[in-house]
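Thanks for sharing this one with me. Below are my notes, set out as numbered points to read alongside the structure.

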Amino acid sequence: MTTSRDTEHGTAPAVDGFDHLIHAPARLRICAALDPVREIEFGTLQTLLGISKSPLSKHISVLADAGYVTQRRAVRDTRQRVWVRLTDAGRAAYRGHVAALQQIVGSTRT
Amino acid sequence: METYGQVSPQEAAAALETAQRSRARVAWSGYPWWYWVATGAGLGVMAYAVALPGWWVLAFAAVVAPALYAVARAAGRARGVCEGWTGAMTPRDTAVLYGPEILLMLADAPVSEHVWWSSIAVAVLVSAMFAGTGLARGARAARCS
């Protein structure tokens, strides 16, 4: 499991794997969409998540800066498109974050 | 109330639900309608073929399996999602999509020896059930944001 990441908010939760960078709602949705697949085209990601182009682009840049996603250009339907995928580090961080969330939820049930 | 940094258990539960919905949308929505219909038809053909004697099953499979693979690839390109080998569906999603068809085929095995048309009926039902489930779940996933 990854270690807690002290990012944007400057706080480090007590649960291992909790990642503030991923926890932002839009970024959590992006990672959740990318986790089970190899890659998704930017426009498709926009449609699937219902996020407009500019915010989606910003969130992907934040994730890319952290090394969590990579982007590549490729032709689809005779047009250049951007494809987005989670890196191994991004996938590990996302799964660690989900495990941390489950731990937080589970702690109230035990 | 106990919290973890800035995250309460309620917020964590809501975040998990959000992640689950996003995954469900990737698993079910965005497929072109012809993917569900064509794949359903292919599965229907296979459902019919398993009741045939001897090598017919393999002959049908040799034709249908590559066709289903080609349809899946074309659908992936059309929707802009490259799923890889594992796919976005959870085991539960897979059970919902394929479970009833498999049960139907298993139930037909003893019946088809006595009723000549039962395999044809099952093939049609398998096609309709697969296409119907896929289209319905796809529409439902697209509605949930």
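1. Let me start with a question: in chain B, is the crossing in which α1(B) passes α5(B) left-handed or right-handed? It is a left-handed crossing. The two helices pack at an angle of about 140°, and their axes lie 9 Å apart. That angle does not exceed the 145 degrees needed for roughly antiparallel, so α1(B) counts as oblique to α5(B). From α1(B), the contact draws on B:Ala24, B:Arg25 and B:Trp28, and from α5(B) on B:Arg137, B:Gly138 and B:Ala141. By class, these residues are three nonpolar, one polar and two charged.

2. A word on confidence before going further, since this is a predicted model. The scores are ipTM 0.80 and pTM 0.81. Chain B has an average pLDDT of 88, with 95% of its residues scoring at least 70. Among the elements of chain B, helix α2 (residues 33-49) has the highest mean pLDDT, at 94, and β1(B) the lowest, at 87.

3. For chain A, the average pLDDT is 85, and 83% of the residues score at least 70. Please keep an eye on residues 1-13 of chain A, where the pLDDT is below 50. Even so, the model gives this stretch 31 contacts beyond near neighbours in sequence. I would read those contacts with that pLDDT in mind.

4. Back in chain B, α5(B) (residues 118-143) also meets α4(B) (residues 91-111). Here the axes come within 9 Å and cross at roughly 175°, which makes α4(B) roughly antiparallel to α5(B). On the α4(B) side the contact includes B:Val96, B:Leu97, B:Leu104 and B:Met105, and on the α5(B) side B:Val122, B:Leu125, B:Met129 and B:Phe130 are among the residues involved. Taken as a whole, this contact has eleven nonpolar, four polar and two charged residues.

5. Now for the meeting of the two chains. How many residues does each chain bring to the contact? Chain A brings 33 residues and chain B brings 27 residues. On chain A, the elements that each supply at least two residues are α2 (25-34), β1 (39-41), α3 (42-49) and α5 (88-109). Of these, α5(A) gives the most, with seven residues. The side of chain A that touches chain B is made up of 18 nonpolar, ten polar and five charged residues.

6. One helix pair between the chains deserves a look: α2(A) against α1(B) (residues 9-28). Their axes are 8 Å apart, and the packing angle is about 40°; the two helices are therefore oblique to each other. In this case α2(A) passes α1(B) in a right-handed crossing. The residues that α2(A) puts into the contact are A:Pro25, A:Leu28, A:Arg29, A:Ala32 and A:Ala33, while those from α1(B) include B:Ala15, B:Thr18, B:Ala19 and B:Ser22. Seven nonpolar, two polar and three charged residues make up this contact. B:Arg25 is worth finding in the view, as it takes part in the contact with α2(A) and also in the contact of α1(B) with α5(B).

7. Finally, the chains also share a strand pairing. β1(A) pairs with β1(B) (residues 81-82) in the antiparallel sense, over two bridges. Which residue in β1(B) is the bridge partner of A:Ile40? That partner is B:Val81. When you check this pairing, recall that β1(B) has the lowest mean pLDDT among the elements of chain B, at 87.

Definitions and conventions. Residues are numbered from 1 along each chain as its sequence is written. Chains are lettered from A and ligands numbered from 1 in the order in which they are written. This is a predicted model: local features need pLDDT of at least 70, side-chain atom pairs count only at pLDDT 80 or more; totals for chains, interfaces and linings use all residues. Two residues are in contact if their C-beta atoms, placed from the backbone, lie within 7 Å. Helices (H or I, at least four residues) and strands (E, at least two) are DSSP runs, numbered from the N terminus. Ala, Val, Leu, Ile, Met, Phe, Trp, Tyr, Cys and Pro count as nonpolar, Asp, Glu, Lys and Arg as charged, and the others, Gly among them, as polar. Two strands pair if DSSP finds at least two bridges between them. Axes are lines fitted to C-alpha atoms, for helices over the stretch in contact, and angles run from 0 to 180 degrees between N-to-C directions. Angles under 35 degrees count as roughly parallel, over 145 as roughly antiparallel, 65 to 115 as roughly perpendicular and the rest as oblique. A crossing is left-handed if the near helix is turned anticlockwise from the far one by less than a right angle, and right-handed if clockwise. pLDDT is the predictor's confidence in each residue, from 0 to 100.
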